[in-house]
Amino acid sequence: LTLFSARRTLLGTINLKYTALRNWAFGFKTTTKRPIAPALYATNLELIELTLRFLHQQGIRAVFYIAPIRPLEPGPYVVEDVERFRRELARLCDRYGAVYADYTRVIPRDLWTNYPDSDKSGVGGQPDFAHFTGRAHRRLAERLVADIGPQLRSWLAQKR
């Protein structure tokens with residue numbers, strides 16, 4: 001029973017140790033390129049299209065946005081993959097009447113975070129490509145409200 005009750009902590013520790021060992025053994029850094037396998041890309045895009053089609057058929061209005069990407073090179077994202085996804089998501093949103101917003105370039109370089117030096121996964125001090133500062137969250141929220149707020153208010157007014 002002790003093992004069962006500690007499973008989350010144990011799994012977290014195993015995952016952390018594995019990641020640190022993998023990063024050390026292969027020299028992975030947060031800036032290491034991570035191209036998306038073509039089959040995975042196609043599957044993800046198909047899932048998005050199925051979701052948009054379902055929402056459209058049900059009369060549910062959708063909003064899709066692409067989250068900010070840290071403007072730092074080298075970075076983990078293959079530029080051509082990002083550009084292709086931006087085009088294809090915009091096309092799908094247009095086809096199914098969804099609101100589309102591209103925030104890939106909204107957060108400037110100085111508002112992103114780095115992993116703390118004490119990080120145990122082996123990425124301490126390296127650029128964090130997933131998280132940004134509180135000021136950046138505010139900037140993104142203000143932009144979302146400005147860009148999508150009028151559409152949401154219009155939809156709410158139509159429901160009344």
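Two residues are in contact when heavy atoms of theirs lie within 4.5 Å of each other. With that in hand, the structure, which is a predicted model, can be looked at piece by piece.

Asparagine 23 makes a handy starting point. This residue sits in helix H2, which covers residues 7-26. Asparagine 23 has a relative accessible area of 7%, and since anything under 20% counts as buried, it is therefore a buried residue. Setting aside the neighbours within four places in sequence, the contacts of asparagine 23 are with Phe28, Ser121 and Val123. With serine 121 there is also a polar link: the side chain of asparagine 23 comes to 3.1 Å from the backbone oxygen of serine 121.

Next up is a pair of helices, H3 (residues 38-57) and H4 (residues 79-96). Their axes come within 10 Å and cross at roughly 20 degrees. Angles under 35 degrees count as roughly parallel, so that is the label H3 and H4 get. The crossing itself is right-handed. On the H3 side, the residues that meet H4 are Tyr41, Leu45, Ile48, Glu49, Leu52, Arg53 and His56. Their partners in H4 are Asp81, Arg84, Phe85, Glu88, Leu89, Leu92, Cys93, Arg95 and Tyr96. Sorted by character, the residues of this contact come out as 9 nonpolar, 1 polar and 6 charged.

Two members of that contact deserve a look of their own. One is histidine 56, in helix H3. Its relative accessibility is 46%, so histidine 56 counts as partly exposed. A polar atom of the histidine 56 side chain lies 3.0 Å from the backbone oxygen of tyrosine 96. There is a link to glycine 97 to note as well: histidine 56 and glycine 97 are 41 residues apart along the chain, yet their C-alpha atoms are separated by 7.3 Å.

The other is aspartate 81, which belongs to helix H4. Here the relative accessibility is 15%, so aspartate 81 counts as buried. Leaving out the neighbours within four places in sequence, aspartate 81 is in contact with Pro35, Ile36 and Tyr41. For isoleucine 36 there is a polar approach too, as the side chain of aspartate 81 reaches its backbone nitrogen at 3.3 Å.

One last detail concerns the backbone. Proline 74 is in the loop between strand E1 (63-66) and H4. The peptide bond leading from glutamate 73 to proline 74 is cis, with omega near 0 degrees.

Terms used:
Residues are numbered from 1 along each chain as its sequence is written. This is a predicted model: local features need pLDDT of at least 70, side-chain atom pairs count only at pLDDT 80 or more; totals for chains, interfaces and linings use all residues. Side-chain values use heavy atoms; hydrogens and water are left out. Helices (H or I, at least four residues) and strands (E, at least two) are DSSP runs, numbered from the N terminus. Buried means under 20% relative accessible area, exposed over 50%, partly exposed in between (1.4 Å probe, protein chains only). A polar contact is a pair of N or O atoms within 3.5 Å; within protein, one must be able to donate a hydrogen and the other to accept it, and residues adjacent in sequence count only if both atoms are side-chain atoms. Axes are lines fitted to C-alpha atoms, for helices over the stretch in contact, and angles run from 0 to 180 degrees between N-to-C directions. Angles under 35 degrees count as roughly parallel, over 145 as roughly antiparallel, 65 to 115 as roughly perpendicular and the rest as oblique. A crossing is left-handed if the near helix is turned anticlockwise from the far one by less than a right angle, and right-handed if clockwise. Ala, Val, Leu, Ile, Met, Phe, Trp, Tyr, Cys and Pro count as nonpolar, Asp, Glu, Lys and Arg as charged, and the others, Gly among them, as polar.
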